[in-house]
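Here is a short tour for the bench, taking in a contact between chains and then the inside of one chain. Please keep the viewer open as you read.

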Amino acid sequence: MVARESMMETYALLIAATLNAGTVLALAALGLLINEKAGIVNLGAEGLMLCAAIAGFAAVVHTGNDLLGFAAGMGAGAVLAAVFGLLVIWLGTNQYATGLALSLFGAGFSAFVGIGYVQEKLPPRVPFEVPFLADIPWIGPALFRQHPLVYGAVALAMGLIWFLYRTRTGLVLRSVGESPESAHALGYNVRRIRFAAVVAGGALCGLAGAYVSVIYTPLWVEGMVAGKGWIALALTTFATWRPARVLLGAYLFGGVTMLQFHLQGTGVDVPSQLLTALPYMATIVVLALISRNPAWIRVNMPASLGKPFQPGS
Amino acid sequence: MLQLEARPEASKLWVFASPVLALALTVLLGVAIFMALGKDPVRGLQMFFWEPIKSAYALGELMVKATPLLLIALGLGICYRSNVWNIGAEGQFVMGAVAAGGVALLADKETGRWIVLAIVLAGILGGMLWAGGVALLRDRFNANEILVSLMLVYVADMVLSYLVYGPWKDPAGYNFPQSKTFESVTQIPRLMSGSRLSVGLLIALAGVGLMWVFLFRTRAGFAQQVGGLAPAAARYAGFSSRKALWVALMVSGGAAGLAGALEVAGPIGQLTPYVPAGYGFAAIIVAYVGRLHPVGMVFSAVLMSMFYIGGELAQSRLGLPKSITGVFQGLLLFSLLACDTLVAYRLRWLRGRA
Amino acid sequence: MTDLTKRSIFKTVALSAVAAAAALTLFGCGKKEEAPKAEAPAAKVEPLKVAFAYVGPVGDGGWTFAHDNARKAVEKEFGDKIVTSYVENVKENADAERVFRDMAGQGNKLIFGTTFGYMEPMLKAAADLKDVKLEHATGYKTADNMRTYDSRTYEGAYMAGVIAGKMTKSNTLGVVASVPIPEVVRNINSFTLGAQSVNPKVKTKVVWVNEWFNPPKETEAATALINGGADVLMQNTDSPAVLQTAEKMGKRAFGWDSDMTAYGPKAHLGSAVINWAPYYIKAVGEALEGKWATSQSWWGVKEGAIDMVSVAADVPEDAKKKMEEVKAGLKDGSFSIWKGPILGQDGKEVLAKDAVADDKFLGGIMFYVKGVEGKIPGGK
């Protein structure tokens, strides 16, 4: 008895939900991409996002202003990333261990700070629509009834493509990631550039975290980022460090969750655990495929990823 | 301004002063946190450093917590010394628990004590299998072991979830997601009555000894570390870095799987969705704070356990939030990483331009 | 990683040990006694120490929040005859046993464990803590010093269904369900039966999140249900995320476990709340008077444990009246929700005409009634 129109409508809504779910991942993964293009892996993304989530939530609770919430989230992300950057870039600590410490600390710290906010509610969220475009039948509800940040993520991806591949600064950033020694020899301050990349990336992860607690699920609960930081890390590799692929991958990963619930509603009997594990297994497969060819790796992965750099060493 | 200057050789003073300084920094920050929350800092520190060791029972519980941490950390130590970055010990722990649980479920009232050995072996094999996947992908496809092992953690969680919600669910359990409770014959033998401490502790301590001998007294151990840290030199000397990779992952996977088996056939006694307790990740910190040295890791495992148990006690006795444990653990590692710089670098005041 | 010689490491370790030992002696020589809790005024009888273990945070606005409210009611009722304390976020694994033992070690003589997953740890602890009385919520194993208690949440679900049946315009209801156990399946069925009693055309869709408390997942599940056509939602999970999602998408929903009106004022239709206070007061009273004995309690509207509160103003009068009738009937025992004829999903009778289901039947429900769509994960 399900009319064709309502089937279409359901798919339109599914697409809309996927865009929403994917935006968090896209923002975080694009931030991590900036880090990794400069050669730094920040395993602390999850902790960063959690601290940003509580910062953003608290800001909106106290001021009622969403923009301040996003700013607070970006600020929290930037500050924590700066600490990470100082340790890793100037003190030369091991990137992986430092990132893990950040993850652990961030999880505990955000839960700690957030205790007073657990029962708080935000002022009612205003539904956003792109005028005119939102009224197009089917495409309107599918694509144009999203929060501005969803479109922001798309713009960010495009902006990053332009920045990385069309501007001089982007070129310098990439060369720092490929060969810090050469960049240093050419006179660029490798450490400052890496630091800037880390802070910028952290700010974007922070924005993603604030989006989770201010827009996606406007509540505070400890651990609410629920692994999205780790998925974003996987996503960057899955997308072979290219912004457009990161965006598509984010929607893919985000969509799998929504698809799982959607399928349950229609009575299809796939074990939910299989669907939940799908993004992770897909990442492993992609990793295996792209890493197999060393030439391809050289082309895609920033060569100095994870390796420390000290001028004069 | 302050400048870091490389030392001509590693500072012996700071090698042993650095962890002490890191702990002192963490304690200092802890005191500040307690005071900011309006709690008595001395009582707070008591919760973390005195209560967990003040009685035989408390010590027993401390070691129950420390045993899996130590076991996993020992394996990770070999891994990291070989420059293999296994971040997925948590997944290997879970798969070890799953394998061990599977064997334990086969037991019935008539089964003999030998099943315990089978359970332990199954755990080791389960962990090895899971880590073997990581090794294979790095060996054949050159895939980054950090991401692969991390992704496999989530997959392992899903495997466990699938089993306890489905085929292995206790038929008499009102459809709750858990397996049957294991027959008492499967229980890992306890060290003494009145405590949950098991022979796992002895196994872990034996592991400490074995690791020390392997790393510092055998040619194989030497080859292992060189193979990982300097593949070119290794090739020249005839050491195989490929072998180093596999040995590292097999050992750490087996150790994590063993820890999983001991937990699930020990304090837990069944398979539930709550088996993954984050030990695999905490063990990374234990390994690092223990300077990747087996004896050091004994102390850091005990320290981390004190943080865990202290956090629990601080919650129930002082009303402090549970999340404080994560804060302290993170702070400790941060401080250690920062203080370690002083081993290789010296801080100097430079006048004039940077 | 920096180069470390073996001897240096040994020295590191030795010094750390010395430092740690020094620190320990310092603090150990400090105060050893416990800080006194809220002192009872000079009473001849020692106040009874009662402890509560919660699986989630007190501020979850749902399950744990309801338990903690009851704890506060008990404090108010008994004044200085008792001293209560709680530990939140106690995971349902090996750690729980340690928490219970520690509570007993701190002198607590009556301990409440508020989630199913504490069953085995509590049982193990009960074996050794013979002078402590343990109360386990929603479980099924007992001992001489351990008993179980539960609430008839399905009565709240039925009352919600009565309202939902009248309020739905699409005749599709949605349930965000947690874990596929009889309690939750029974609630889904009761919700549907209640709705069908006023609107035989309704269908119910179900989405399982496989967790009790995960606001982002609950949000996604609620979104999927609404996208699938449901316009009135119920939940069996512990956070207000479902209600919030309904508010955001312009649909209606019910609060669960606690009054959730504030989380979605426009969407809120009513909250099916659990009031643990009457049972907790009874349990503490029995412990104080020495009349505590092992048992299995299952309380509902009759005993004041379940209620439907804060019904929205725009619910039509006839629906409100019907709901009140049901409530009154449950209170005096004249009305039974699970009274035949009731049909299963396949149309066959699971309860014959006029037959009333007993607690055993209710405890084992693992089938959907007619009108509920889909399959129970892991069920028949």
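In this predicted model, helix α4 (residues 95-113) of chain A and helix α13 (residues 324-344) of chain B have axes that come within 7 Å and cross at roughly 150 degrees. Angles over 145 degrees count as roughly antiparallel, so α4(A) is roughly antiparallel to α13(B). The crossing of α4(A) past α13(B) is left-handed.

If you would like to find this contact on screen, look on α4(A) for residues including A:A97, A:A101, A:L104, A:F105 and A:F112; among their partners in α13(B) are B:I324, B:V327, B:L331, B:F334 and B:L337. The residues of this helix contact divide into 13 nonpolar, 6 polar and no charged.

Now step back to the two chains as a whole. Here 34 residues of chain B are in contact with 36 residues of chain A. On the chain B side, the elements giving two or more residues are α5 (115-141), α6 (145-165), α11 (279-289) and α13 of chain B. The largest share, 13 residues, comes from α13(B).

Next, let us turn to chain C. It is divided into domain 1 (48-151) and domain 2 (153-274 + 306-363), and 28 Å separate the centres of these two domains of chain C, taken over C-alpha atoms. Their contact takes 9 residues from domain 1 of chain C and 14 residues from domain 2 of chain C. On the domain 1 side, helix α2 (residues 63-78) of chain C gives the most, with 3 residues.

The table sets out the residue classes of two contact sides.

| Contact side | Nonpolar | Polar | Charged |
|---|---|---|---|
| Chain B, touching chain A | 24 residues | 9 residues | 1 residue |
| Domain 1 of chain C, touching domain 2 of chain C | 3 residues | 5 residues | 1 residue |

Chain C also holds an open sheet of 6 strands, in the order β7-β6-β8-β9-β10-β12, with mixed pairing. Which strands are at its edges? They are β7 (203-208) and β12 (306-309) of chain C, each pairing on one side only. From one strand to the next, the twist averages 20 degrees.

Within this sheet, strand β9 (residues 252-257) of chain C pairs with strand β10 (residues 268-274) of chain C in the parallel sense over 5 bridges. A handy landmark is C:W256, which stands opposite C:A272 in β10(C). Helix α7 (residues 215-227) of chain C packs on the sheet, where it touches β6 (172-177), β7 and β8 (232-235) of chain C. The direction of α7 makes about 160 degrees with that of β6(C).

Key:
Residues are numbered from 1 along each chain as its sequence is written. Chains are lettered from A and ligands numbered from 1 in the order in which they are written. This is a predicted model: local features need pLDDT of at least 70, side-chain atom pairs count only at pLDDT 80 or more; totals for chains, interfaces and linings use all residues. Axes are lines fitted to C-alpha atoms, for helices over the stretch in contact, and angles run from 0 to 180 degrees between N-to-C directions. Helices (H or I, at least four residues) and strands (E, at least two) are DSSP runs, numbered from the N terminus. Angles under 35 degrees count as roughly parallel, over 145 as roughly antiparallel, 65 to 115 as roughly perpendicular and the rest as oblique. A crossing is left-handed if the near helix is turned anticlockwise from the far one by less than a right angle, and right-handed if clockwise. Two residues are in contact if their C-beta atoms, placed from the backbone, lie within 7 Å. Ala, Val, Leu, Ile, Met, Phe, Trp, Tyr, Cys and Pro count as nonpolar, Asp, Glu, Lys and Arg as charged, and the others, Gly among them, as polar. Domain bounds come from an automatic or database domain assignment. Two strands pair if DSSP finds at least two bridges between them.
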